[in-house]
Each structure stands twice: as structure tokens, then as C-alpha cells.
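Dear colleague,

I am passing on to you the structure we talked about, and below it you will find my notes on what turned up when I went through it. Please keep the structure open beside the text as you read.

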Amino acid sequence: MRISKRRAGVIIGSAALCGLVAGGSVVASAASGSDSPAESAASPTTPAPPMPTTQSWPVNEYGLTVGVPNDADRVAQNLPDLTPGETDEGEKGFIRASEIFLPDPKTPQEAAHQTASQLNDKGEWIETVYEADGKTPIGHSLIVTVTQGESVD
């Protein structure tokens with residue numbers, strides 16, 4: 001997998017966060033003697049930590065909500081219409097949040113299908129960057145390039 005340096009930090013940070021959350025659930029499950037994180041979270045002796053509250057989004061002059069969702073927003077499917085983005089040429093604009101923040105896959109097969117559906121014939125995931133109206137394209141942003149069989153170093 002080849003990732004642009006500009007996006008590597010975001011992808012690595014997200015992956016690390018997901019690993020910490022999943023790892024924490026497994027550790028909590030093991031400590032409680034439960035076989036599943038769900039049972040551990042529901043245990044009356046070990047209450048699940050509260051999920052951070054989701055945010056309300058400011059509305060721009062076109063009536064579209066704008067913002068950067070946190071993990072609680074993604075889980076609650078509380079996404080703004082637009083999230084700030086930048087074209088590969090460095091022009092600031094917006095990406096439709098529904099196109100970049102995809103629902104979490106439930107199975108490995110669903111994850112593979114979801115990834116494949118985002119890639120073009122060169123293995124690139126490219127998103128359109130828009131003006132604040134969410135309709136007028138101003139450029140594109142390369143999210144990631146995937147090369148089958150290539151390892152991440």
C-alpha cells in the first residue's frame with residue numbers, strides 16, 4: 001500500500017486509535033472474565049465509560065452543515081454535510097462527509113467490498129473537493145493508493 005505523506009499521519013493516527021479502543025475492550029473483557037467486550041460493557045460491576053457527546057454543526061450560507069466529526073459522531077452517524085478538505089494542488093475547499101467517512105464494515109468481506117468500491121482502476125481513492133456550496137467542484141484529493149501484494153514498511 002502506498003500512501004501520500006500528507007495523509008499518512010491521519011491514517012496512522014486513526015488506525016492507532018481504533019487499535020487502542022479495540023485493545024481496551026479486549027483487556028476489559030479479559031479482566032472481567034467475560035468472553036465478549038459487549039458482556040463486559042453491560043456488566044453491573046464494570047460500567048462502560050460514557051461515549052463523548054456528539055456535536056451540533058454550524059450551518060454555512062448555503063444551508064449545509066460543516067465540521068470535522070469525532071469518533072462519537074461517526075458511531076452515532078452524526079456527520080456534517082461537508083468537512084474541510086484540500087485539493088492535491090493545495091486549494092482549500094470541502095469534501096462531502098458522506099463520501100469520506102464510511103460506515104464501519106461488519107465483516108472482512110464487507111470491508112474488502114467497501115475498499116474496492118472506493119478505488120479507481122489504478123488503485124487510487126480520489127475524492128472531489130467542492131466549494132462551500134457542496135456542488136461546484138474545484139479539484140480532487142488523493143486519499144490513498146493501494147497496490148495489491150505490496151507491503152507497508
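I start with one residue and its partner. At 23% relative accessibility, Glu-99 counts as partly exposed, and its side chain meets that of Arg-96 in a salt bridge, with 3.2 Å from N to O. Arg-96, for its part, has a relative accessibility of 26% and therefore also falls in the partly exposed class. Before going further, please keep in mind that this is a predicted model, and that every value in this message was computed from it.

How many salt bridges are there by the rule used here? The count comes to 2, and the other one joins Lys-92 to Glu-86, whose closest N and O atoms are 2.9 Å apart. Lys-92 counts as exposed because its relative accessibility is 64%, whereas Glu-86, at 26%, counts as partly exposed.

Now to the chain as a whole. It holds 5 helices and 4 strands, and if you follow it from the N terminus, the elements come in the order α-α-α-β-β-α-α-β-β. Of its 153 residues, 26% count as buried, while its accessible surface comes to about 10100 Å², with 60% of that belonging to carbon and sulfur atoms. If you take the contacts with a separation of 6 or more, 38% of them are accounted for by residues 24 or more positions apart.

How far the picture can be trusted depends on where you look, and so a word on confidence is needed: where pLDDT is low, the predicted coordinates should not be read in detail. The chain averages a pLDDT of 72, and 61% of the residues score at least 70. Among the elements, helix α1 (residues 5-32) has the lowest mean pLDDT, 38, and strand β2 (residues 92-96) has the highest, 94. Over residues 1-43 the pLDDT stays under 50, although the model has 41 contacts beyond four places in sequence for that stretch.

The strands can be taken in two pairs. Strand β1 (residues 82-86) and β2 pair in the antiparallel sense over 5 bridges, and within this pair Pro-84 stands opposite Phe-94 in β2. The two strands form a hairpin with 5 residues between them, and Gly-90, which sits in the turn, has a positive phi of about 95 degrees.

The second pair is made by β3 and strand β4 (residues 137-145), which run antiparallel and are joined by 7 bridges. Here Trp-125 stands opposite Val-144 in β4. This pair, too, forms a hairpin, with 6 residues between the strands, and Gly-134 in the turn has a positive phi of about 70 degrees.

Why can strand β3 (residues 124-130) be called largely enclosed by the rest of the structure? The reason is that 6 of its 7 residues are buried. Thr-128 lies in this strand, and since its relative accessibility is 18%, it counts as buried; the cut-off for that class is under 20%. Leaving aside its neighbours within four places in sequence, Thr-128 is in contact with Phe-94, Ile-95, Pro-137, Gly-139 and His-140, and you may remember Phe-94 as the residue that faces Pro-84 across the β1 and β2 pair.

Is Lys-135, with its 68% relative accessibility, buried or exposed? Lys-135 counts as exposed, because 68% is over the 50% that this class requires. Its place is in the loop between β3 and β4, and, apart from neighbours within four places in sequence, Lys-135 is in contact with Arg-96 and Tyr-130. Arg-96 is thus a residue you have already met, as the salt-bridge partner of Glu-99. The C-alpha atoms of Lys-135 and Phe-94 are separated by 9.9 Å, and these two residues are 41 residues apart along the chain.

With kind regards

Technical notes:
Residues numbered from 1 in each chain as written. Predicted model: local features only at pLDDT ≥ 70, side-chain atom pairs only at ≥ 80, totals over all residues. Heavy atoms only, no water. Buried < 20%, exposed > 50% of the residue type's maximum accessible area, 1.4 Å probe, protein only. Contact = heavy atoms within 4.5 Å. Areas by Shrake-Rupley, 256 points an atom, 1.4 Å probe, with all protein chains shown as cover. Pairing = 2+ DSSP bridges. Salt bridge = Lys/Arg side-chain N within 4 Å of Asp/Glu carboxyl O. pLDDT = per-residue confidence, 0-100.
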